[in-house]
Amino acid sequence: MMKLAILQMQAASGDPAANLDRIGRAMREAAEQGADLLVTPELAVTGYGAGEAITDLAEAPDGKTATRLHGLSLETGVAVTAGFAERDGDTVYNSAMLVDRRGVLEVYRKSHLYGPYERELFTPEKPSASIIDFRGIKLGMLICYDVEFPENVRRLAQAGAEAVLVPTALPASGHAALIARKIIPVRAFENQIFVAYVNHCGADERFSYAGLSGVAAPDGSMLAEVGETGEELLFADLRTEDFAASASENTYLADLRV
């Protein structure tokens with residue numbers, strides 16, 4: 001079993017120091033509750049709506065952000081997945097890093113950029129299926145819009161993922177609840193995996209966010225879910241054995257023909 005914490009967060013736009021302080025407080029609270037891993041939203045470190053400032057704030061995966069998160073993990077014993085702007089030479093990616101007491105375990109780069117705002121700031125990465133074995137559970141990562149393409153989740157499931165972590169910046173809209181409360185559980189059910197979908201809340205100078213973070217189980221149920229407004233730290237126990245019956249009844253991966 002792995003105890004997962006998710007932080008629905010109102011990021012300070014363009015202020016990595018403030019956002020890392022907020023993530024640090026959540027990691028300490030998660031440690032008090034016995035959590036193994038905290039997941040934060042898309043671009044949680046810079047704030048999603050920081051615009052061109054994101055380019056200036058982008059850094060390498062071994063930069064100040066990674067150093068700070070590593071220190072927090074050493075302090076708390078909790079691993080963290082945090083969205084950040086990654087710089088590789090002149091190229092900037094919308095990325096998420098998984099950090100624990102050993103350092104940076106994985107960096108995932110978003111493959112499906114959403115709208116002109118993201119396309120002007122970031123370069124998309126080729127879709128991939130990297131799997132991290134963490135505390136006995138095989139984890140994959142996607143970012144926001146990526147999860148709305150079923151092929152991306154299926155690719156990870158076929159590679160052996162048991163849970164997919166999805167930092168997101170889902171804006172408030174008439175279809176936000178459809179994505180967060182219907183598509184996400186379907187992704188979990190059709191692949192018989194856990195899906196953690198972790199969003200911003202509130203608003204910045206460019207966007208208002210839908211909230212609605214949650215953790216979907218392999219049987220399509222929600223293990224934890226947050227409302228539309230307000231910061232909140234929630235917890236979910238990921239126990240694959242609890243969903244053995246669902247996996248035996250819904251053999252989508254075994255029966256798939258391509």
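Which helix is N19 found in? That would be α1, which covers residues 16-32. Keep in mind as you look around that this is a predicted model.

Let's stay with N19 for a moment. Its relative accessibility comes out at 2%, and since buried means under 20%, N19 counts as buried. Leaving aside residues up to four places away in sequence, N19 touches M9, A11, A12, A44, V45, T46 and G47. One of these neighbours, A44, also has its backbone oxygen 3.4 Å from a polar atom of the N19 side chain.

Now zoom out to the sheet. It's an open one with six strands and mixed pairing, and the order reads β5-β4-β3-β2-β1-β12. At the edges sit β5 (103-109) and β12 (232-238), each of which pairs on one side only. Going from one strand to the next, the twist averages 35°.

Further in, strand β1 (residues 2-8) and strand β2 (residues 37-39) run parallel and are joined by three bridges. If you want a spot to click on, try I6, which stands opposite V39 in β2. Our helix from the start, α1, packs on this sheet, touching β1, β2, β3 (79-88) and β12. The direction of α1 makes about 45° with that of β12. Helix α3 (residues 64-76) packs on the sheet too, and it touches β3, β4 (91-100) and β5. Here the angle is about 15°, taken between the directions of α3 and β4.

Next, a pair of helices. The axes of α5 (residues 150-158) and α6 (residues 176-191) come within 10 Å and cross at roughly 35°, and the crossing is right-handed. On the α5 side the contact is made by P150, V153, R154 and A157, while α6 supplies R187, E190 and N191. By type, the residues of this contact divide into three nonpolar, one polar and three charged.

Why might a helix put residues three or four places apart into one contact? An α-helix has 3.6 residues a turn, so residues with that spacing point the same way. With that in mind, look again at P150, V153, R154 and A157 on α5.

Which residues of α5 are buried? They are N152, V153, R154, L156 and A157. The elements covering them include β7 (137-141), β8 (163-167), α6 and α8 (252-255). Finally, just after α5 you'll find G160, which takes a positive phi of about 110°.

Key
Residues numbered from 1 in each chain as written. Predicted model: local features only at pLDDT ≥ 70, side-chain atom pairs only at ≥ 80, totals over all residues. Heavy atoms only, no water. Helix = DSSP H or I, 4+ residues; strand = E, 2+ residues; numbered from the N terminus. Buried < 20%, exposed > 50% of the residue type's maximum accessible area, 1.4 Å probe, protein only. Polar contact = N/O pair within 3.5 Å; in protein donor to acceptor, adjacent residues only side chain to side chain. Contact = heavy atoms within 4.5 Å. Pairing = 2+ DSSP bridges. Axes fitted to C-alpha atoms, helices over the stretch in contact; angles between N-to-C directions. Left-handed = near helix turned anticlockwise from the far one by under 90°. Nonpolar A, V, L, I, M, F, W, Y, C, P; charged D, E, K, R; others polar.
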